[in-house]
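Colleague: Could you take a close look at one part of this model for me, namely how one helix packs against its partners? Please spell out the criteria behind the terms you use.

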Amino acid sequence: DVCKIVKEQLINLDQNKVVLDHVANWKDIRKSGLRLQPLQDHLMAKPLEVNLTMYYLISMYKPPTVIPESSTTNCFKGSPSSHSPVLWTQVKSLDAAYARLSSWKTVLATGGCSEFSTSSRLMFYQALLRSFTGLIETIHGLELALN
């Protein structure tokens with residue numbers, strides 16, 4: 001039910017307002033003196049490789065014909081996958097892409113997201129995003145587990 005509500009809210013968003021809010025918020029960050037340095041950490045996945053990996057995984061993921069009721073509870077409890085660049089490298093063949101998808105299902109299951117590897121594309125995508133940041137649910141709400 002929550003996913004349906006969020007989906008409806010996203011569909012009804014005014015794209016121009018989103019862009020204006022985005023620009024205004026970044027201007028506020030710059031006023032505060034906070035400066036974001038370009039990524040220079042060799043232990044972090046590179047943005048292009050993350051985007052390509054997400055594209056291939058979502059494109060290749062085939063949800064089951066019957067999608068079970070899913071819960072976001074206790075997902076994701078592993079280390080942030082952003083610190084595992086090997087999970088976010090470009091694949092060179094279709095076989096390698098399917099092997100990467102299989103690896104990701106194992107990573108998600110090991111990290112507590114097993115129900116997401118047999119859910120809808122949207123839920124699978126959500127699990128990938130949570131794993132990237134180490135976003136976890138606790139009794140106090142969502143917490144980031146960034147190292």
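Modeller: What follows is a description of helix H5 and its two described contacts. The model is predicted, so local features need pLDDT of at least 70 and side-chain atom pairs count only at pLDDT 80 or more, while totals for chains, interfaces and linings use all residues. Residues are numbered from 1 along each chain as its sequence is written, and side-chain values use heavy atoms, with hydrogens and water left out.

Helices are DSSP runs (H or I, at least four residues), numbered from the N terminus, and axes are lines fitted to C-alpha atoms over the stretch in contact, with angles from 0 to 180 degrees between N-to-C directions. Helix H3 (residues 47-60) packs with H5 at about 150 degrees, the axes being 10 Å apart, which makes the pair roughly antiparallel (over 145 degrees). The crossing of H3 and H5 is right-handed, that is, the near helix is turned clockwise from the far one by less than a right angle. In this contact (heavy atoms within 4.5 Å), Val50, Met54, Leu57, Ile58 and Ser59 of H3 meet Arg121, Phe124, Tyr125, Leu128, Leu129 and Phe132 of H5. These residues divide into nine nonpolar, one polar and one charged, where Ala, Val, Leu, Ile, Met, Phe, Trp, Tyr, Cys and Pro count as nonpolar, Asp, Glu, Lys and Arg as charged, and the others, Gly among them, as polar.

Turning to the other partner, the axes of H4 (residues 94-110) and H5 (residues 121-133) come within 11 Å and cross at roughly 70 degrees. H4 is therefore roughly perpendicular to H5 (65 to 115 degrees). Here Leu101, Trp104 and Leu108 of H4 meet Phe124, Ala127, Leu128 and Ser131 of H5, a set with six nonpolar residues, one polar and no charged.

Terms used: Helices (H or I, at least four residues) and strands (E, at least two) are DSSP runs, numbered from the N terminus. Angles under 35 degrees count as roughly parallel, over 145 as roughly antiparallel, 65 to 115 as roughly perpendicular and the rest as oblique.
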